[in-house]
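Biologist: I would like to go through this model with you, one question at a time. Where should we start?

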Amino acid sequence: MELELYDNKFRNNKYTTGPQRYCQDEGRAQNRRSRCLVVITVCLGILCLLLIAAIIYQHIMCTSKRAVIVLYIKLTAEREIQATLMLQTGSSNQNEKDQLQNSFNSLSQKKLELETRVKDLTAEKGQLQRNFDSLSQKNLELETRVSDLNAEKGQLQNSFNSLSQKNLELETRVSDLNAEKGQLQNSFNSLSQKNLELEARVSDLNAEKGQLQNSFNSLSQKNLELESRVSDLNAEKGQLQNSFNSLSQKNLELESRVSDLNAEKGQLQNSFNSLSQKKLELENTVNDLTAEKGQLQNSFNSLSQKKLELENTVNDLTAEKGQLQNSFNSLSQKKLELENTFLLGYVWGPDGLFISNELKSWSDSRQYCRDRGADLVIIDTEEKQRHISSLVKESVWIGLSDIENEGTLIWVDNSPLNKGFFVEGQPNNYYSDEDCTELNPTKHALNNWSDFQCSYKKKGICEK
Ligand SMILES: [Ca+2]
Ligand SMILES: [Ca+2]
C-alpha cells in the first residue's frame, strides 16, 4: 500500500517537480527499507533470547528433578540402614524405638512434602512446556513474517529498478525535447526572415500587377482585332473544311485500296514464304540425295571392283574345278579299274589282295589262290580286318581252320590264332563239322567271323 501511494505521488509530481523531487522520494524509500531491516533484526534477536531462556529453564528443571530423586534415594537408604542396625543390635530400648519412630514419621512427612514439591515442579514444567510451544508457534509466525517481508523487499527492489530506468528515459526525453526546442527556435527565426522577404516581394509584385493591367488593356484591344480576323478565318476554314472532306473521302477510298493491296501482299508473302520453305526442303533433299548418290556410287565402284575380283576368283576356281574334275574323273576311272580288277581276280591290287571270281569250297578256294602264287588271307591286325570288311560285298573264306586238329584254329602258314574277330557265340563247330572260317561283311566289322562247313561254296580272299 505504501508502495502504491509512493508510486502515485511520483506519477503526479514527476513532470512538475523534476529530478530533485525524485531524489527526495528515493531517500524516503531507502529509510523505509532500513526501518524494515531493523524491525526484522530486532524480532530475530527477541526470538533467539526466548529460545535461550527456554533451554536454560529446561536445564534447571531437569537438575532439580535429579536433586529431589537423589535426596529421596539417600533418605530411603538411611532408613534401611537404621532398620538394619536395629535388627543387628537386638538390644534397643523403647526410647530409641520412639525416637526412631519419630524420625521415621518426620522422614515420611518430608517424603510427602517432597512428593508434593515434585508434583508442583511437574505442573510448572507443563506450564513451561506450553509456554515453549506458544513461543515456538510465535517463532514460526515471525519466520513467516520475515519471509513475507523479504518478498516485499524483493518487490520494492524491482519497483526501484524500474523507476530508475524510467527516470533515465525521462531524462533522455527532456534532453531530446530541449534539442527540438532549439531547432524550432532556429526555424522560427528563419521563417521570420523569410516573412520579411515575402512582404518585400509582395510590394514588388503589386508594382508588376499595375504594369500587367496596362498590358492587359492593350491586349484586349488586340483581342478585338483578332476576333474580326478569326471570323474571316472561319469563313476560309469552311471552304477548307469542304475541300478537306472531299479529300478525306478520297483518302478513305485510297486507304481501303491500300488495305486490299496489303492483304494481297500478305497472301503473296505467305505463298512466297511457304515456297521458300519448300525450296529449302527440296534443296536439303537434293543435297541428301546427292550425298546418297555419292555413297551409292562409291558402293557401286567398290562392288564392281569386288565383282571383278570375284569373277577372277570364279575363273580361277573354275579352272581349279576343271583340274580337280579331271583328277576326280581319272581317279574314278582308276577306282573302277581297280574294283573291276579286284572283283575279277588275276590282277594284284596295290595291297597284295584279290578276291576269287568263282564260288568254291574252302580247299578249292585255297587252291585257286595257290595257283596264282598266293594263299588265303591271314588277318592278324584290326586295320587289315577293317580294310577287308570294307572291300567285300558277300561272305568269303579266309585262311583260318581247325581241319587238322578240332578245336585248334591255325592260319594257312600254320601260325596260331592270336586275336580273332568272331561273331558272339562263334566258333561253335555246329553239326560237329564246322572247321573253316568265313568273313561276313554284313555284320560288324570287328565281329563278323564264323566257323562254317568247309564244303560250302564261297569266294575266297587271296593274299600274296
Ligand atoms: Ca571245327
Ligand atoms: Ca559255326
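**Fold, core and loops**

Modeller: Start with the elements. This is a predicted model. The protein chain holds five helices and seven strands.

Biologist: In what pattern do the helices and strands follow one another along the sequence?

Modeller: There are five helices and seven strands to place. Read along the sequence, they give α-α-α-β-α-β-α-β-β-β-β-β.

Biologist: What is the mean pLDDT of the chain, and what share of residues reach 70 or more?

Modeller: One stretch needs care: over residues 1-23 the pLDDT is below 50. That stretch has 12 contacts in the model beyond near neighbours in sequence. Where pLDDT is low, the predicted coordinates should not be read in detail. For the protein chain, the mean pLDDT is 80, and the share at 70 or more is 79%.

Biologist: How much of the chain counts as buried?

Modeller: A residue is buried if 20 or more other C-beta atoms lie within 10 Å of its own. Val146, in helix H3 (residues 94-344), has 15 such neighbours and so counts as partly exposed. Of the 464 residues in the protein chain, the buried share is 9%.

Biologist: What is the C-alpha to C-alpha distance between Val146 and Leu44?

Modeller: Val146 belongs to helix H3. In sequence, Val146 and Leu44 are 102 residues apart. In space, C-alpha to C-alpha, they are separated by 8.9 Å.

Biologist: Which strand gives the most to the largest nonpolar core?

Modeller: That core has 23 residues. Leu376, Val377, Val396, Trp397, Ile398, Ile461 and Cys462 touch the most other members. Suppliers of at least two residues each include E1 (353-355), helix H4 (362-371), E5 (434-439), E6 (449-453) and E7 (459-463). The top contributor, with four residues, is E3.

Biologist: Which residues is Ile398 in contact with, leaving aside neighbours within four places in sequence?

Modeller: Ile398 is one of the core residues that touch the most other members. Nonpolar side chains tend to be buried together in soluble globular proteins. Outside its sequence neighbours, Ile398 contacts Leu376, Val377, Ile379, Thr437, Leu439 and Ile461.

Biologist: Do the buried residues of H4 line one face or fall in a wider spread, and within what arc?

Modeller: The buried residues of H4 are Trp362, Ser365, Arg366, Tyr368 and Cys369. Seen down the helix axis, they line one face, because they fall within an arc of 150°.

Biologist: What covers those buried residues of H4?

Modeller: Just after H4 comes Gly373, with a positive phi of about 75°. The cover over the buried residues of H4 includes strand E2 (375-376), E3, E5 and E7.

Biologist: How many of the residues of E7 are buried?

Modeller: Take the two faces of E7 in turn. On one side, Lys459, Ile461 and Glu463 are buried. On the other, Gly460 and Cys462 are buried. E7 is therefore largely enclosed by the rest of the structure, and the count is five of the five.

Biologist: Which strand runs parallel to E7?

Modeller: E1 runs antiparallel to E7, joined by three bridges, and Ile355 has Ile461 as its bridge partner. E2 is antiparallel to E7 too, with two bridges, and Leu376 stands opposite Cys462. Val396 has Lys459 of E7 as its bridge partner. The strand joined to E7 by two bridges in parallel is E3.

Biologist: Which peptide bond is cis, from Gln426 to which residue?

Modeller: Most peptide bonds are trans. This one has omega near -5°. It leads into the loop between strand E4 (410-411) and E5. The residue after Gln426 is Pro427.

Biologist: Is Asn414 buried or exposed?

Modeller: Asn414 sits in the loop between E4 and E5. Its phi is near 70°, a positive value in a residue other than glycine. With 7 other C-beta atoms within 10 Å, Asn414 is exposed.

Biologist: How does Asn429 count, with its C-beta neighbours inside 10 Å?

Modeller: Asn429 is in the loop between E4 and E5. Its phi is positive, near 50°. It has 13 C-beta neighbours inside 10 Å, so Asn429 counts as partly exposed.

Notes. Residues numbered from 1 in each chain as written. Chains lettered and ligands numbered in written order. Core = buried A, V, L, I, M, F, W, Y, C linked by C-beta atoms within 7 Å. Buried ≥ 20, exposed ≤ 12 C-beta atoms within 10 Å, placed from the backbone. Contact = placed C-beta atoms within 7 Å. Arc of directions from axis to C-beta. Pairing = 2+ DSSP bridges. pLDDT = per-residue confidence, 0-100.
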